[in-house]
Structure formats: C-alpha cells, structure tokens
Amino acid sequence: MKANKVLLNQVLRGRSYSTSSAGKDVFIVGAARTPMGGFRGSLASLTAPQLGALVIEAALERSKCPKEAVDEVYMGAVLQGNMGQAPDRQAALFAGLPTSVPCTAVNKVCASGMKSIMMASQSMQLGQNSVMVAGGFESMSNVPYYMARGDTPYGGVGLKDGLVSDGLTDVYNKFHMGNCGENTARKLGISRDEQDEYGIRSYKRAAEAYKNGDIKDELISVEIKGKRGKPSTFVTEDDEFKKVNFDKFKKLGTVFQKEGGTVTAGNASTLSDGAAATVLMTEEAVQKYGAVPMARIVGYADGATEPIDFPIAPRFSTEKLLKQVGMSPADVDLWEINEAFSVVVLANMKLHELDPEKVNIHGGAVSLGHPLGASGTRIVNHLVYALKPGQKGVASICNGGGGASSIMVERL
C-alpha cells in the first residue's frame, strides 16, 4: 500500500495538469457590451448571434488581441429556438474569427454568460488554452412561438410562447419565476414597499451613472441599418432606464399574485435584447501579445437549492466562493447581484448583511434590462469597470431551477 502511494505521488508530480498548472492566473484584458434594447425595441431587427458578433469583435479590438490568437470561444445563449444552427459559432464567424476556432454554447439560464467565463477560466488554468473569448447573447424579441407536432386537432391549434416556456417558467411547480419571487418575499418578510423602493433606487442610480459617464466605457454603438434607402440609426444607450414614471411606480398592480402580492412590472427586470463579451488571457499570453490586464479572476463557484428558492441561490454560490478565497462578505469592495427581481437582491443583501451602498451602485437589470444569456457577462464586465485598482468585487446571478453562479475579480 505504501509503495502504491509513493508511485501515485511520483506519477502526479509528472503530470502537466498538476497543481502548479491548475493555478495559472487568468486575466480579463477586454470587455464590451451592446446597449440593451427593450422588448421589440431598438435592437429587435438583429438576431442574437449578430449581437454576439458585435461584442466579440469589439472586445477583441479593445484588448488589441489579434483574432488569430483566440484558442476557443464560449458564449451563453438560453432561448435558442430559431437562432439557427450553432449560434455560438455564428457569432464567432460573423465577428471574423478563423474557422479553426472551436466554439461552444452555454445554457445555464440567466447564469449562462457568467458560467461561460468560469468555464473558460478553468480551461486556461488547466493549461488547455491561453486566449479565450467568453460571453453571452440573447434576443428575447425574436423568440418564436411553438406549435406541437402531431395530428392537427379539431377546432384549431394552440401556440406556446417559447420565451415564457423555456425562459421564465419553473418546470417543477409549473408557474412563472415571479411566483418564486413572491415565495421568497413571503418567507423572508420583504414587503412590496421595500421592493418598490429598491426598484426606484435602481432607476435613479442608472440615470445618475449615465449622467456621470460610469457606463459609457463598457458600451459599444450598434448600427441599425435603414430600410428602403433610409439612413442608419445608432443605438448608444440602454432603452429601459429612461422609461420610468416615478409618480405611478408604487401604484402598479402586482403581476403574479393579485391578493397580497409584491412583485410588479416596475420592481422586476424587463425583457431585453443584448450581448456582452470578455477576452481572457493567461499571463504568458498577456506578455506575448502586449495586452493590458484590466482585472484578475480571483475565484468562482456554483451553488444550488430548491427550484422554488432560486432567488436565494446566490447565497450558496457566494458562500462557497468566499470560503474558497478566504474572505468574508465585509471584505468585498463592490457587489453586482443580478436584479432578476428586486426581491432577489434584497434577499441576498439580507442573508449576507451587505451594505446597500456597495451593491449595484450603478443600477441593474430592473432599470437597464435582462437579456438572459448575456446578463452574467454584463455584470462581470460592469464590475471590472466600476472597481478601482486594487479593489475586489463579487458578481452573482441566480438561475432558473434553483441554481446560481458567483465570481470574484480584482481590478488591476
């Protein structure tokens, strides 16, 4: 037995995927996102892969990374019906990447864009790749309706909304994700007024961030070509944050629970279109291509709980992450917690006793938009831009089915 252990240790020391290889640092060297278009809004004429192509190309340009240097691409995409075959591959090729670059689509519902960054980081830490693009995209405006195959029944056929069915419905309880939010609000004693106040704050923070230029650096301009000889228009800002009416905000009806409900269209995120991407490099690649690192990936973790409790799933991924890096919630400089619903952020702030002044300081999905496949990447990108050099921040995002992902980055 002792001889076997000695032999095993010798073998492990000789492997290229030993602990030293797995400990490689991974750096974010470029980040970009489109503005987020409202449902059937400013970006509805573009497909999700087209949006993805725009941010891949922009992120590579910002990082000054040649397209030929990219080893692999991971892109989050949730509502893939009618996107066409291999939407991840479409985005990469439309962006001008060589046909030799492998591509993979990631679907972890709302956490897809963050999980793509985590999986890319793992690949690079293991020494399998040195330059990767990771991100996500979604066009909720273009998700089709479904008609079941089989015999056509007497009296007509029914259509199912793919957006609601595949993106917004809890399969296990057969109700909308908003009902899960109501359940969390009830269990944790989070009132309608608290959620409304949080939603209002999100809109005000987003407007202030735009005014102060805190969002502009992560954005790209998206050209919408004019029809029938008309000139192109350019989308340069998110659609949603300008649409709010504060006088009516607290008078909106509840959506998912009529009697005693708390979740409204105002304090929930909006259906949106958009894309975001990051360029990741190892230290060796940074030196080779002369890139300037923006941030370092410190750690990441997934967590899960009961599907109905998905709003508090970030608690579990974040606890695992903080244990992994040896930090407490109080040690974190800034937080980005995806605002699927206001109750999600309020619940996780309550569970971790977070300072509201450190959480979503420039607004979030409630006021800016929530394109499912892109949101995980968007909040990581924004965290990178919002942190000051030397600071560390955590981005976390829940996903349908009871899961969540969390990631920590350090601004350089």
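Colleague: In this predicted model, in which loop does Glu353 lie?
Modeller: Helix H12 covers residues 342-352, and Glu353 follows it. The loop that holds Glu353 is the one between H12 and H13.

Colleague: Is Glu353 buried or exposed?
Modeller: The cut-off for exposed is over 50% relative accessible area. Glu353 has 72% relative accessibility, so it counts as exposed.

Colleague: What is the phi of Glu353?
Modeller: Most residues other than glycine have a negative phi. Glu353 is not a glycine, yet its phi is positive, at about 55 degrees.

Colleague: Where does Val109 lie, and is it buried or exposed?
Modeller: Val109 is another residue other than glycine with a positive phi, near 50 degrees. It sits in the loop between strand S4 (103-106) and helix H5 (112-125). Buried means under 20% relative accessible area. Val109 has 18%, so it is buried.

Colleague: How many of the 11 residues of helix H12 are buried, and which are they?
Modeller: The count for H12 (residues 342-352) is 9 of the 11, so the helix is largely enclosed by the rest of the structure. The buried residues are Ser342, Val343, Val344, Val345, Leu346, Ala347, Asn348, Met349 and His352.

Colleague: Which elements do the buried residues of H12 pack against?
Modeller: The helices in contact with these residues are H7 (177-188), H8 (192-212), H11 (313-325) and H13 (365-368). The strands are S14 (334-337) and S15.

Colleague: Why is strand S16 described as largely enclosed?
Modeller: One side of S16 carries Gly403, Ser405, Ile407, Val409 and Arg411, and these are buried. The other side carries Ala404, Ser406, Met408 and Glu410, also buried. Strand S16 (residues 403-411) is therefore largely enclosed by the rest of the structure, with 9 of its 9 residues buried.

Colleague: How many bridges join S13 to S16, and how many join S15 to S16?
Modeller: S13 (residues 295-304) and S16 run antiparallel, and S15 (residues 392-399) is also antiparallel to S16. The bridges between S13 and S16 number 9, and those between S15 and S16 number 8.

Colleague: Which residues stand opposite Val409 of S16?
Modeller: On the S13 pairing, the bridge partner of Val409 is Ile297. On the S15 pairing, the residue opposite Val409 is Gly393.

Colleague: Which residue takes a positive phi in the hairpin of S15 and S16?
Modeller: The hairpin has 3 residues between its strands. The residue with the positive phi, near 95 degrees, is Gly401.

Colleague: Which residue of S13 is the bridge partner of Ile28?
Modeller: Strand S1 (residues 26-33) pairs with S13 in the antiparallel sense over 2 bridges. S13 itself is mostly covered, with 7 of its 10 residues buried. The partner of Ile28 in S13 is Ala295.

Colleague: What separates the C-alpha atoms of Gly84 and Thr47?
Modeller: Gly84 belongs to the loop between strand S3 (72-76) and helix H4 (87-94). With 41% relative accessibility, Gly84 counts as partly exposed. Gly84 and Thr47 are 37 residues apart along the chain, and their C-alpha atoms are separated by 9.6 Å.

Colleague: What is the volume of the largest pocket, and which residues are closest to its centre?
Modeller: The volume comes to about 490 Å³. The pocket is lined by 28 residues, and the closest to its centre are Leu168, His176, Ser269, Thr270 and Leu271.

Colleague: How many residues of each class line the largest pocket?
Modeller: The classes are nonpolar, polar and charged. In the lining of the largest pocket, their counts are 17 nonpolar, 9 polar and 2 charged.

Colleague: What radius of gyration does the protein chain have?
Modeller: The C-alpha trace spans about 70 × 55 × 55 Å along its principal axes. For 412 residues, a compact globule would have a radius of gyration near 22 Å. The value for the protein chain agrees with this, at 22 Å.

Colleague: What share of the contacts with a separation of 6 or more comes from residues 24 or more positions apart?
Modeller: The protein chain has 14 helices and 16 strands, and 54% of its 412 residues are buried. Of the contacts with a separation of 6 or more, the share from residues 24 or more positions apart is 78%.

Note on methods. Residues numbered from 1 in each chain as written. Predicted model: local features only at pLDDT ≥ 70, side-chain atom pairs only at ≥ 80, totals over all residues. Heavy atoms only, no water. 1 Å grid on protein atoms, 1.4 Å probe; cavity = no way out; pocket = protein on both sides within 12 Å on 5 of 7 lines; lining within 4 Å. Points joined across faces, edges and corners; volume = space filled by probe spheres on them. Nonpolar A, V, L, I, M, F, W, Y, C, P; charged D, E, K, R; others polar. Buried < 20%, exposed > 50% of the residue type's maximum accessible area, 1.4 Å probe, protein only. Helix = DSSP H or I, 4+ residues; strand = E, 2+ residues; numbered from the N terminus. Pairing = 2+ DSSP bridges. Rg over C-alpha atoms; globule rule 2.2 N^0.38 Å. Contact = heavy atoms within 4.5 Å.
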